[in-house]
Amino acid sequence: MKSNIKIRICAVLLVLLIGACGAAPCLAGGADYQAQYGAVLNYLHGSAPAFGSVGGEWKVLALARSGRYELDSEYFANYYSSIEAYVASVGSDKLHPSKSTDNSRLVIALTAIGKDARNVAGFDLTAPIKELDYDKKQGINGVIYALIALGTRSDYADSTVKNTLVDFILGRELSGGGWSLGNMFDPDMTAAAITALAPYGKASAAIGRAVSRLSEAQRSDGGFESMGIYNCESCAQVVLALSAIGADCDTDARFIKDGGSLLDALCSFYTGQGFAHTEGGSLNVMASEQAAYALCAYDRFKKGRTDLFDMSDVQPKPTAAPTAAPTAAPTSAPTAAPTAAPTAVPTTSPTTAPTAELTAAPTSGGAEETAPAPTEEATEGPSEMPTDAPEPTAEPAGSTDVTELPAADATELPDAADEEPSPAPAGEADVHGDPGSDREGSAAPYIIGAAAVVILAAGALLLIKKRKGR
């Protein structure tokens with residue numbers, strides 16, 4: 001009789017413990033993004049890139065910054081040859097009369113593969129995007145991506161140029177925090193602005209307000225929507241922005257809602273090969289490219305590597321000063337063929353960078369200009385927004401010197417005494433999230449619970465055997 005009672009008690013405890021351990025699987029380990037990350041990189045490398053906001057620069061960036069190809073591979077050499085031919089055919093350092101994002105996007109991609117964007121077929125592609133009036137033709141969108149592009153290398157622009165762009169973006173902050181092409185808060189544009197402003201100390205207060213606004217706008221399932229559409233690209237842009245400021249999109253308490261983390265939400269768009277634009281949709285190139293470089297940025301953050309757009313770890317090959325006539329051939333011939341077969345998981349680091357591995361892809365995404373869905377255009381990195389985007393109505397206040405912070409300091413929020421009150425909490429700990437909310441650091445209770453399950457199960461089996469023995 002006593003034996004039966006003991007067995008029943010053990011059985012009840014076993015059921016309760018199993019239920020408790022199974023109730024919070026995401027809290028114990030977080031999202032495993034490596035399989036999706038490796039698969040989408042393999043998908044993207046399947047076709048040759050060409051100049052363009054889809055199937056071009058963003059794909060090159062994801063493949064380069066992830067280390068999927070070596071910088072001197074034939075894959076990148078062929079791409080660079082096609083770009084030289086294209087720039088020579090345009091015959092100008094300004095690739096489009098009103099779309100500065102064409103220049104910005106290409107500057108980012110070329111820098112990622114170790115090329116100097118100041119001498120491409122004899123043209124300086126950084127020159128036009130140093131002009132605020134040109135960048136503003138695409139509204140704040142153009143200014144954001146110009147700042148990102150010029151920040152990929154320290155010698156692309158001086159502090160005066162960068163300061164002008166930073167002040168313009170700060171001057172367009174919405175009431176309550178965040179940014180938009182118009183007057184309504186938009187997560188894509190807000191995330192892109194955070195990514196661009198991350199290295200600049202003067203922007204820390206605005207970044208803090210924007211992060212708080214993004215947390216408030218996050219859906220209960222962990223994702224984001226833009227223009228009323230729940231989509232992959234919006235999630236990717238926020239993952240990118242949080243990685244740029246050192247906030248973990250999978251463990252930061254501010255970005256974990258009832259349905260899971262932001263990383264969980266991004267991975268939910270995975271189709272088995274790449275990513276879909278909308279939940280349950282089919283494979284989409286633009287969504288796959290943006291998810292790829294967002295996961296690349298997150299992966300680099302987790303592994304302590306340089307930020308996606310901090311390309312100081314890329315060693316560009318020496319190039320001569322720009323000449324009037326276009327060069328006849330690429331500055332370097334391919335020295336290695338692309339890898340024979342795609343790998344399941346991205347390589348840890350390229351072999352060509354002598355001092356460090358490659359950095360991640362751009363924070364902005366390339367937008368699909370012909371896509372019917374509003375978010376596909378908006379998330380075209382908010383960089384590829386229509387050229388008739390609403391023009392800001394006021395110039396920013398006077399500028400001061402830009403202070404570029406080291407990577408370790410870039411995520412610090414301002415002290416409350418130095419800045420105007422804002423919804424954003426102050427202090428570096430607020431940007432990185434409360435250590436107590438780190439799900440990777442809270443596995444102990446679940447390990448103990450699992451051990452208890454094993455012990456109780458063994459005890460129950462022992463009692464049953466004894467009972468049978470009687």
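## Close-up views of a predicted model

**View A. Ser-215 is a buried residue, with a relative accessibility of 15%.** The cut-off for burial is under 20% relative accessible area, which is why Ser-215 falls into this class. As in every view below, the model shown is predicted. Ser-215 belongs to helix α11, which covers residues 204–217. When residues up to four places away in sequence are not counted, Ser-215 touches Arg-254, Phe-255 and Lys-257.

**View B. The whole protein provides the setting for the close-ups: 17 helices and four strands.** The protein has 470 residues, and buried residues make up 52% of them. Among contacts with a separation of 6 or more, 75% are between residues 24 or more positions apart.

**View C. Helix α3 is mostly covered by other parts of the protein.** The helix runs over residues 34–44, and nine of its eleven residues are buried. The buried residues of α3 are Gln-34, Gln-36, Tyr-37, Gly-38, Ala-39, Val-40, Leu-41, Asn-42 and Leu-44. What lies over them? The cover includes α4 (57–65), α5 (74–90), α13 (262–267) and α14.

**View D. Lys-99 sits in the loop between α5 and α6.** Is Lys-99 buried or exposed? Its relative accessible area is 10%, so Lys-99 is classed as buried. Gly-142 is 43 residues away from Lys-99 along the chain, yet their C-alpha atoms are separated by 7.5 Å.

**View E. Helix α6 spans residues 100–112 and is mostly covered.** Of its 13 residues, 13 are buried. How far apart are the end C-alpha atoms of α6? At 1.5 Å a residue, the 13 residues should span 18 Å, and the end C-alpha atoms are 19 Å apart, so the expected and modelled values agree. Just after α6, Gly-114 takes a positive phi of about 85°.

**View F. Two residues other than glycine, Ala-121 and Met-227, have a positive phi.** Most residues other than glycine have a negative phi. For Ala-121, phi is near 55°. Ala-121 is found in the loop between α6 and α7 (132–135), and its relative accessible area of 2% makes it buried. For Met-227, phi is about 55°. Met-227 is placed in the loop between β1 (225–226) and β2 (229–230).

**View G. Ala-193 is a buried residue of helix α10.** Helix α10 covers residues 187–197. The relative accessibility of Ala-193 is 0%, and therefore Ala-193 counts as buried. Which residues does Ala-193 contact, leaving aside its neighbours within four places in sequence? They are Ile-144, Ile-169 and Trp-179. Tyr-145 is 48 residues from Ala-193 along the chain, and the C-alpha atoms of the two are separated by 8.6 Å.

**View H. Helices α12 and α14 come together in a left-handed crossing.** Helix α12 covers residues 232–244 and helix α14 covers residues 285–302. Their axes come within 8 Å and cross at roughly 20°. Angles under 35 degrees count as roughly parallel, so α12 is roughly parallel to α14. On the α12 side, the contact is made by Cys-232, Glu-233, Ala-236, Gln-237, Val-239, Leu-240 and Ser-243. On the α14 side, the residues are Met-286, Ala-287, Gln-290, Ala-291, Tyr-293, Ala-294, Ala-297, Tyr-298 and Phe-301. An α-helix has 3.6 residues a turn, so residues three or four places apart point the same way.

**View I. Cys-235 and Cys-296 are buried cysteines.** Each has a value of zero for accessibility: Cys-235 is at 0% relative accessibility, and Cys-296 has a relative accessible area of 0%. A disulfide is a covalent bond between the sulfur atoms of two cysteines. How many disulfides does a search of the whole structure find? The search finds zero. Why does Cys-235 have no such bond? Its closest cysteine sulfur is that of Cys-232, at 6.7 Å, which is too far. A pair of cysteine sulfur atoms would have to lie within 2.5 Å to be counted as a disulfide.

Technical notes: Residues are numbered from 1 along each chain as its sequence is written. This is a predicted model: local features need pLDDT of at least 70, side-chain atom pairs count only at pLDDT 80 or more; totals for chains, interfaces and linings use all residues. Side-chain values use heavy atoms; hydrogens and water are left out. Helices (H or I, at least four residues) and strands (E, at least two) are DSSP runs, numbered from the N terminus. The expected span of a helix is 1.5 Å times one less than its number of residues. Buried means under 20% relative accessible area, exposed over 50%, partly exposed in between (1.4 Å probe, protein chains only). Axes are lines fitted to C-alpha atoms, for helices over the stretch in contact, and angles run from 0 to 180 degrees between N-to-C directions. Angles under 35 degrees count as roughly parallel, over 145 as roughly antiparallel, 65 to 115 as roughly perpendicular and the rest as oblique. A crossing is left-handed if the near helix is turned anticlockwise from the far one by less than a right angle, and right-handed if clockwise. Contact means heavy atoms within 4.5 Å.
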